[in-house]
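User: I'd like to practise reading a structure with you. Can we go through it one feature at a time?

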Number of protein chains: 2
Amino acid sequence: MTRIVAQPLSRENFAPFGDVIDMGGDNRYPINGGKAMRYHDLATAEAMGPNARVLISMVRGTPYEMPLKLTMVERHPLGSQAFIPLSPRPFLVVVCHDAEDGPDEPHAFIAAPGQGINYRRNLWHGVLTPIGEEQDFLIIDRGGDGSNLEEFHFSHPYEIHLP
Amino acid sequence: MTRIVAQPLSRENFAPFGDVIDMGGDNRYPINGGKAMRYHDLATAEAMGPNARVLISMVRGTPYEMPLKLTMVERHPLGSQAFIPLSPRPFLVVVCHDAEDGPDEPHAFIAAPGQGINYRRNLWHGVLTPIGEEQDFLIIDRGGDGSNLEEFHFSHPYEIHLP
């Protein structure tokens with residue numbers, strides 16, 4: 001199996017794939033008479049197609065064994081999809097650029113505790129992958145009619161290692 | 001000052017104002033081959049008006065002294081606004097029905113640890129009100145052009161008490 005080592009997630013290395021959702025950005029300003037600091041516009045939730053709307057959901061994920069044997073990725077042609085952890089633990093993020101006949105070789109990242117991500121619309125990505133413990137997330141993604149899920153199964157699985 | 005006692009937040013008592021965002025709903029189903037449970041469609045993020053889009057932001061709020069002296073509420077005519085706590089602590093939620101000449105008498109709720117809320121579009125509500133400690137939240141609300149903030153200052157403040 002091709003071995004891939006996950007990198008620490010950052011705005012810079014994730015920029016080709018989507019947004020990092022954390023308090024590390026520059027676009028911040030005080031609100032409510034100075035009682036709160038808003039970290040503004042970290043990501044846009046995108047929803048298109050018939051009867052599209054942006055949904056707020058939650059998910060409770062069970063952990064995966066590491067190294068991860070990656071056999072498939074999926075994508076959502078009609079909307080972005082964000083996962084924000086509700087407990088400060090790392091999780092694994094796997095994404096692929098699109099190639100001519102399916103996803104290209106995977107890129108893997110470890111989100112630091114407190115970091116969430118927003119997958120750009122139609123980006124190939126792995127399923128939600130907590131590490132070590134059960135973990136809850138907020139999901140912001142697209143609801144509506146039409147087909148919004150495409151899966152790709154690799155003929156040769158990849159093995160994703162933590163750093 | 002008129003004294004109001006906050007009630008524990010529930011789907012039922014908050015239904016006239018918006019959505020409770022937690023894992024207590026009935027609309028849940030397994031995803032990812034049974035490795036995760038999705039608590040689906042807890043709320044819809046609504047955004048209308050010129051160049052409207054749904055934003056994902058964060059906010060760090062400082063606590064307010066209790067009982068709260070409530071002097072103003074605000075509303076957003078062009079979109080809903082959700083606050084989901086990123087640490088499991090309670091916070092205070094204040095909302096008002098609309099009356100003929102401004103907001104009606106406030107209703108106050110205590111969100112249990114882990115509960116977030118989505119204010120319906122154009123609902124009068126108080127500012128973000130952590131209790132006891134600084135607290136971080138995810139915000140899902142509306143970006144775009146046009147005026148999306150209206151404030152109302154009460155001639156006689158209310159005093160909001162914890163239960």
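User: What rotation superposes chain A on chain B?

Analyst: Keep in mind that this is a predicted model. A rotation of 180 degrees, with 0.0 Å of shift along its axis, puts chain A on chain B at an RMSD of 0.0 Å. That is how a two-fold axis relates two copies. In chain A, the C-alpha nearest this axis belongs to Leu86(A), at 2.6 Å.

User: And through which surface do the copies meet?

Analyst: Through the same surface, because 100% of the interface residues of chain A are interface residues in chain B too.

User: How do I read the open sheet, and which strands stand at its edges?

Analyst: Strands of a sheet pair through backbone hydrogen bonds, parallel or antiparallel. Here seven strands run in the order 3(A)-13(A)-8(A)-16(A)-6(A)-5(B)-4(B), with antiparallel pairing. Strand 3 (18–21) of chain A and strand 4 (28–31) of chain B each have a single partner strand, so one side of each lacks a neighbour in the sheet. On average, neighbouring strands are turned by 25 degrees against each other, direction ignored.

User: How many bridges join strand 8 and strand 13 of chain A?

Analyst: Three, between residues 81–85 and 116–119, in the antiparallel sense. As an example, Gln81(A) has Tyr119(A) of strand 13 as its bridge partner.

User: Which residues touch the most other members of the largest nonpolar core?

Analyst: Leu138(A), Ile140(A), Leu138(B) and Ile140(B), out of 28 residues. Strands 5, 6, 8 and 16 of both chains each give two or more residues to this core. Beyond its neighbours within four places in sequence, Ile140(A) contacts residues including Val54(A), Ile84(A), Ile56(B), Leu138(B) and Ile140(B).

Technical notes: Residues are numbered from 1 along each chain as its sequence is written. Chains are lettered from A and ligands numbered from 1 in the order in which they are written. This is a predicted model: local features need pLDDT of at least 70, side-chain atom pairs count only at pLDDT 80 or more; totals for chains, interfaces and linings use all residues. Side-chain values use heavy atoms; hydrogens and water are left out. Two strands pair if DSSP finds at least two bridges between them. Helices (H or I, at least four residues) and strands (E, at least two) are DSSP runs, numbered from the N terminus. Axes are lines fitted to C-alpha atoms, for helices over the stretch in contact, and angles run from 0 to 180 degrees between N-to-C directions. Copies are superposed by least squares on the C-alpha atoms of residues with pLDDT of at least 70 in both. Contact means heavy atoms within 4.5 Å. A nonpolar core is a set of buried Ala, Val, Leu, Ile, Met, Phe, Trp, Tyr and Cys residues joined through side-chain atoms within 4.5 Å. Buried means under 20% relative accessible area, exposed over 50%, partly exposed in between (1.4 Å probe, protein chains only).
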